[in-house]
Structure formats: structure tokens, C-alpha cells
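This report examines how parts of a protein model meet one another. The sequence and structure are shown below.

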Amino acid sequence: MRRGFRVLAVLAALALVGACGSDGDDSGNGGSSGGKAITVGYIGDLTGPNTGSEVPYLNGIRAGIAWVNENGGVNGRKIELQVEDSKFDVATGTQAFQRLAPNKDMVAMMGLNGSSVIAALAPEVDKLGIPVVGPAATTEPGLASENFYNLQASLEDQGTALVKYLMEQQPGAKVGTAVINVASGTEWEDVIKEAVPANGGTTTGFEKLEPGAVEANSQAQALKGSDVVTVHSNVPLAVVLVKALHAQGSDVPVYASYGSMGETLWKGVGDVDTDKIFGVNGWSMYYADAEGKADLDEAIKLTKLKKDDLGTTAGFTQGYVAARILAEAMKDAGDDLTRESLHKALRRSEGFDTYGFAGHVDWSGGAPHKGVQQVRIYGWDADKGQIVAVTDLLGGKG
Amino acid sequence: MTTLTATITDSAVPRTRRRSVRLTLLGSGAALTLALPYLLDSYWLFLASTLGVNFIAAAALNVLQGNAGQFSLGNAAFLAVGSYSGAFLWVQQGFPLPVVFVGVAIAGALAGLIVGLPALRLHGIYLLMSSLAAHFIVTFVASKYQVANFGVAGVPYKAPGLGPLSQDRSKDVYYLIVVVAAVVALLLWNLLRSAFGRALVGVRDRDVAAAACGIAVGRTKLVVWSITSSIVAVAGLLQAMSLGTASIEFYTLGLAISFVAMTLIGGNGSLLGSFVGAIFVTGTPEVISRIAKASGASPFGDSIWSHPFELQRIAYGAAIVLFILLEPDGLVGLGRKLVRLVRRMQRPRREAT
Amino acid sequence: MTEFLNAVVNGIGLGAVYGLVAVGIALLFKSTGLLNFAHGILMTTGALMASAMVSGGRSFWTAAAIAIAVTGLIGGLIHLSVIRPLATRGLFAGVMVTIGLSEVIHGILSIHYGPGQRLLPPPIKVSQIEVFGGARISSTLLLCGGVVLLAVGALALLFRFTLLGVQLRGAAVNPQLATGFGANLAVIFTIAWVVAAALGATAGILLGTLSVIELTLGDFALRAFTALIVGGADSIPGALVGGLVVGVVELLSGTYLGSEYRVVATMALLLVFLVARPTGLFGSGTLRRV
């Protein structure tokens, strides 16, 4: 009896699979005037703990694509985005990739943020030879692969530029560090450990913050003797740390790496002096006074995005510029737009401009295709309630 | 179709005829399963492999929970034991595949033994809490191991070369999974029908009475924990091979809960239930995202189908709630009721002739 | 010494939050025998509601009061609709239903409130207060301590001196007998759910002011399970004491072992209690055989 049922169940499952298995190509080749649409795939954590930064990033991409489509497209062709959710889960991300992969018309991919997703998918990406533009994680597999074109400044570039800046402000300063207890935290620690003594300062301690922690009393205690504190975590943990430092009477300047800085950091620290809190980031906010601001505003109008959709970090800007750069490269590739010709275009020697929102991007040569190598230090304008740059571009070559 | 179901289910039809029909069905099912990689594209093959792994882990959990009555949230931890001991044995030490499988099974059994020790004295919420604690401790140790040896991105699992039978990675993994699933299913099937299986039920329902009947309750519990955890560990190894990586963020409490949901939705204590439950839980997100795409709703619009990912979550939760409330025997229970209905419909016809 | 005092004082503060969460879970376990895995999502609901109202212009206290009341009502509704039919079904069914509910509500919250982080302003303007020996503690944690003491006190009075309390205690031991003595199970259990959900919302709001509100706020409730076991799953004062113990242990291990060992230390504590004294410090001593 049971076996019979099992067999029936197998047959039913196969029937279901067979019925659905045939429609593998969802890409929707809706051609508009000028030619067939160009398909770009996107995989990101649209649900899960990272949605706060991931969704604005995707919105930025959409805004960039909308602007391009409205302003002549790519040699007359429009770009179409295929969105898949990886749900902060490697298995789902792999599944999402498998869903997009069969589409031979897909010439590029975007998103793929999250180091474990990149690690799982990098071999698959390499197999397909498809360019991935703009992933935000800056870890090993993403850097080692020929097909990944990163945008964000690496932790090394950020940390080194930050430390140099700190030492200029306060020669010989004692630097305390707090990092989130995941592997990128270790990366940041290593950068600080090397850069600080090299620039004449001393390190006072390295503390770990547990994801989801609501207080950082012991860490703040341990960091009490510092002249300045750097933190690399997510925004909530940075808020908790700053509050804890304040509770311990330690009102030294705090510098947050790109992952821990966002409007919520300054807004969330309560009565702590926001003039003492800074961030370091390769990218500015969407309201920054950059040369590309007018176009960005136009793009926002086109996609009818509301303020909430733009997020509280620089993710939106990155997504927007990533899409614009991709479009530019696609234009360069000309009429014969394939994955190979796109690779060539992305690696052009003059690199790409970021419309004033960040430094210059240069992907010429082989892997690693690092992102911007220059950063700015950002502070808070309490009157406007906005993140503003307090320095020009720092670091990088020269 | 009525004749077919009648032939399988109707007890009035001669046994030999029933058996030969069942065997034919079984045979064609097996043939289809083996031929699947050549019929499906990579996406569906990956889904099928995932389904296979889920079935293995759910079946083991079902025996532990449904048949032996040990409520456990430890599945994610045991999967992690499997993939990380596999990381050590295979990725780092490079032992041949059969050795790795045996090693992983042993590691899983040991882990199950340790986690099962509290089960000797604890019941109810206390047993649940101990599996919860086990989950956090195992994942903590695993994350330390991962960061120390492999870094952020996780353990890279290359393709499991099957020697002369090797084709490409996804096919190899699929066949490995199918073989293991068949072995596990047979093993558990026989286990449940043996004296040991009856002892399990005794331990679940009336452990004091079972002890009075001469069943070594403590030893039975430890054995079932070891066996089931061993199986789940092997499933974890297979899963890591299928995904190509093992990273600690994957082994969440939610993952452990999803296996409990599979057993619940499929049918507690039933091997078929594990299979059907795995199909349901693995397949529902798929169905929902297809409907969402078909509805044409933009992912940024305002209709309900603009949020397929949240809808999947709601459907998952609703399924759990509804099955507990309305059909505690799961899909298998529903199926049995349907069969009874069909039989009842057939009976008057026969009596009329 | 200050280091030690700081760890203890802040541990007590954090412990007060654990305690408040654990009291909500203990209340339901004591009255209905159900281990509520949906407590976390009720916490998140309260926090998100309050935050949305504050962004909309209401004062913190009004927003908090409304959010707590509404979440309480949601708790009552949950009991009436989904939990009551499960009366005799045992631990597994109860836990899984609350887990399923948690997923459903999570999805709804996610659609309604969207992704992204929200903020709640701290209720008391002076953000930290100095206590003895140079140790300092956040005022919100102190407030939380006050709230949980109030809650435990009120509940203790309720269980001892009111008809409702007596009926709940009776129903926990023998529901049929309690009905025989005039207890309307539907009513008293619903009230228990309303109060428990309201406590959860309070905890969620206070937690939200300490850091940033995200949909994962409810995961905090899992850590409170340790407090529950340490204190004794069916003892409400025990839940508070358990919370304090867990908080102090966590902070001490953070200071002396290193911050990455905090969660593992509490898990080790949980295991120690499960092995040596599962009924906890103040539990009733009879292991429920379910």
C-alpha cells in the first residue's frame, strides 16, 4: 500500500516538474523600438537581515537603468533587469542563479552581494564567463575572479586611508578598534594592526561585537584608554557601541567603516555628540553635491521612488552608478554585444567616471578588479539631517 | 485512472495482480528517477538534488520525532556536523570518498549520542531546550573551525568525482544523493518494521510500560539518536557537495525548523510523509514565485504579488498552522482519507453487480 | 574592580530585559502549558508599531501605550482563533503552531513595514546614570528594571489574590477540574495571552530604544529561553531572577573571557541547568511529562 503511494507521489512530482520544467526561459524578449532588449540578471538579499541596505542598492540599479533607457538606451536598445532573491541563503542564491543561468541572452549580472553567496557562485560565474558588475562585498573569491568588477573600496584601502588621515589629525594617537564577530571583522582588524604602527600610532585594543547585541559594556570598558575608536560592523552594532562608549564617559571621536555608517548611526545615538562621529566610505549619499546629481534626481523621478526607497546608506548611489557604468561599457561594446565584448569594454584603459559620487574606477588588466581606491571621511550635518563629506578624496594612487 | 487506483488499493483484487502492478509502477518510478538528469535542465536538477537531501534529513528526523517521540530542533546542527567533518576529512585531508562518507556518518553518530544523552532524563520543553542549546553550541564550534581554516566565504567543496562513472558535477551529485536516499529509505523502512521499531513506539508512547516489558529505554533512545543524527550528517555532506560550499550562515534555527515542518506537513512517523513533506516545503516557494511572475506584478508595485518572498514565508507558516489544526497526520493522512473515500465510492458499484 | 562592578551592574540591566521577555513566556507556560515561540514576533510587532507612530508624530509614551494595547489584543485574538482548538494536543503541536504563526506575522510585518531599520527615541532624556562604585548604566535599562519588577509584582499579586489568578493556577494543573469549579477557560486563557503579548510588546519597545529596530528583533526571545530554564519555566519571579543571572553571566564572560564567548557561555549555563536542575531555581519541581 505504502509503496504504491510512494510511486504515485514520485510520478505526481515528476509530472509537476515536467510541466514547469519546459518554461525555462523567462527573459521576455520584448523588443522596443531600436532593437531587442538587453537582459541583465540580478541576485540579492531582498529578504533577510540585509534588506535595509540591499533593497536601496537594487533601487539604485533600477534608477540607473531607467535613466539610461530614457536617454537613448544602449545604442537604441533598452535594458531589462531580471530580479531574483537570494534570501540571505546560499542554497536559495544558488537556485536563483540556476534560474537565470540558462538564458543565453543575459550578458551581465549585478548584485551578488554577500561573501558566502559570492563564494558559492563564483565558480558558476566563471564557468559562464559572465561579467558581474558592482558586487559590494570585497572578499577573496570576488577579487580572485576575472569576471567580477567590484565598486566599493576594499577594506584595505578604506582602513589605510582612514589611518593616514587620523595620524595627520592626531600624530601618535592611540587607536582602539571594535569589529563585528564575523570574518570581515578580522579583515578590518588586520588592516588597522598594520597601518597604525606604520603611521606612528599605537593600537589599544581589538574588541568584538556579537551580531544582535544590545549593549557593549565590556567592549567599551576595554576601549577606554583610546584617543580615537574605529568600528567595523553593521549600523545597529555601531549605535550600541557608541552609546556604550558614551555611557563609560569616553567621548572620543569614533570612525565607522562603510558597513557601519548610515544615517541611522547618527540619528540613533541619542544624546551623544554627533560631531564626534564620522564615517569612511568610498561613496557619497544620493543627495551629495556631486556633478551627477541632476541626472540622479531625474532618474529618481523616472522610477517614482520615494525617500524610503532610497535608503539611509550609500547603497543607492552605488547601484545607480553601477548601472550607468554598465550601460556605458555596453555602449562601447557596440552592436556586437556579447559577454566577451562586454568584458573588453569594462576593462578599457581609461576606466570609468563615477559622476562625482566617488573616485575613479579602473578595471583594466586582470583580476582583482578592485573598486574605487579613494575614500572620503563623512560627518553629520545636524541641521539638514544629512551625511556630508568633511574631506576630499583621500588615498588611492598618489 | 479509477481502475489503476482500484487495482492498487482495492483489497478485493487478487494479491498477485496488485503486486505486479505495484512493481511495474515502482520500476517505472525508479527508471524515471535515474533518467531525470537527462530530462531536466540544471535548475530543476539542482532542485531535485535539494529535494533528495531534504528527504534524507527529514526522514531521519521523522523517525526520531514521529516514531521515537523525541522533539528535536537539532537538524541544522547535525547537518553542520556532516558538512564540517566532511570539510576536514575530504577538503583538508583528501581521503577517498567512501572513507569520507563513513567518517561523516561516525561523526554524526557521535554527535547524536552526545545530544541524546540529556534525552535520557529530560522530556518535553527541557528536551527541546537541550536541542536548542546543542544547535547554538555546535554552530559556534563550527564557525570557529571555519574561520580558522577557511575564512569568511566558507568551505569550498569541489565536485565529488565518481571515478569512471563521472559525468559532470550536478549529475554526479544527483546520483550520489539518489543512491544514499534509497539506502536510507530502505534502512529506515526495515528499522521501523523490526522489533527495534516497535520498541521506539513503546518508548514514545509509554516509556514506563515499555521498560516494564523489557525494553531498554535508555539504550533505545541513544541508538535512535545516533542513527538518525548519523543520517542527517551524511545529508549535510551531500548538501555541501550540491551547493559547492559549506558556510556557517546556512545552518540557522530556521533551517532546523523547516525539517520539523516537513515531517509535520508530510505526516509524522511516516517515511512517505517525509518525502511528501519535503516536496511540499521545497516546492511551495517555487510555486509561489512562478505565480508571482505569471501575475506580471512588478516587484516594486503595490499588489500582493509584488512581495513573493514574504508570501512564501506566510504560506509556509500558514501551512504549518493549518496542518496542525486540521490534519495532524499530514498529507499522508489526507491521502489515506482520500483513498478511503475512493474505496467507499467503488463498493456500491461492486455490490450492484 | 570597576570592571567587575560594571559587568555586574550592566549585567543586571541586560538581565532585566531578559527577565521581562522571560516573564511573558513564563506567564503563558504557567497558565496554559504552552511554550510560546511567537513571543519574539510579538515583541517586534510592538516595537514596529510604536516606532511608526513616533515617526508619525506621536509622543513616545502615547505610541508605546497604543502599541502595547494593540499587541495585547492581537495576542488575545491569536489565542481565540488558533490556540484554543489545540487545548489537549501537547507540546509539539503548541510549539509548532506558534512557530508557524511567527512566520506568518513576520511576513505580514515585512510587507507592511518594509525592510530597513527604524528608530525609537529613548524614553528618558538622560541617557546614562551613574550607580555606585563608578559603574554606569543606561537609563533605559533602569527603566526596564523598574517595569519588570512592577510586572512581576503585579503578576504575583494576581496569581495569589485574585479569582483570575487562582483559576489560572488551577487550570494549569487540571483544566477539567478548574472548569468544574467555574473557571471559564476561554476567558482566562485569553486574558493570559493578552497580558503576555502586552508584556512582549513592552519588552520589544524597550529593546528597540537600546539599539535599532529591525525585523530580527524577535530573535532576542530565543536567548531569553535560557533565563526561563534557569529560573524555572513555570515561575514568574523565577523568570526575572533567571534573566538577571543570565545577564550577569553573559556580561562577566564578556569581560573576562572575551566578547565572542558571551552567547556560548549562556548556552553552557543552560546546559548545566538542564543536566543538573532542569526545573530551575524556582520551578515547581514536577517535570511536565508531555
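A salt bridge is a side-chain nitrogen of Lys or Arg within 4 Å of a carboxyl oxygen of Asp or Glu. In this predicted model, the count of salt bridges between domain 2 of chain B and domain 3 of chain B is zero. Across that interface, nine residue pairs are in polar contact, both residues of each pair being at pLDDT 80 or more.

**Two domains of chain B**

The domain assignment divides chain B into domain 1 (1-39), domain 2 (42-250) and domain 3 (252-353). The centres of domain 2 of chain B and domain 3 of chain B, taken over C-alpha atoms, are 24 Å apart. In domain 2 of chain B, Leu51(B), Phe55(B) and Asn62(B) lose the most area to domain 3 of chain B, and together they account for 24% of what that side buries.

Four helices of chain B, namely α3 (42-67), α4 (75-92), α6 (124-149) and α7 (169-193), each supply at least two residues of the side of domain 2 that touches domain 3 of chain B. The greatest contribution to this side comes from α3(B), with 15 residues. By class, this side of domain 2 of chain B holds 18 nonpolar residues, nine polar residues and one charged residue.

**Chain B against chain C**

The size of an interface is often given as the accessible area lost when the parts come together. The table lists this value for both interfaces.

| Interface | Residues in contact | Buried area | Share from carbon and sulfur atoms |
|---|---|---|---|
| Domain 2 of chain B and domain 3 of chain B | 28 residues and 22 residues | about 2200 Å² | 73% |
| Chain B and chain C | 39 residues and 41 residues | about 3700 Å² | 81% |

Tyr126(B), Met129(B) and Arg313(B) supply 18% of the area that chain B buries against chain C, more than any other three residues.

How many salt bridges are counted between chain B and chain C? The count is one. The side chains of Arg313(B) and Glu103(C) meet in a salt bridge, with 3.0 Å from N to O. Four residue pairs, both residues at pLDDT 80 or more, are in polar contact across the interface of chain B and chain C.

The elements of chain B that give two or more residues to the side touching chain C are α6, α9 (207-212), α11 (253-266) and α13 (308-326). Of these, α6(B) gives the most, with 12 residues. The side of chain B that touches chain C comprises 27 nonpolar, seven polar and five charged residues.

Definitions and conventions:
Residues numbered from 1 in each chain as written. Chains lettered and ligands numbered in written order. Predicted model: local features only at pLDDT ≥ 70, side-chain atom pairs only at ≥ 80, totals over all residues. Heavy atoms only, no water. Domains from an automatic or database assignment. Contact = heavy atoms within 4.5 Å. Buried area = accessible area lost by both parts, 1.4 Å probe. Polar contact = N/O pair within 3.5 Å; in protein donor to acceptor, adjacent residues only side chain to side chain. Nonpolar A, V, L, I, M, F, W, Y, C, P; charged D, E, K, R; others polar.
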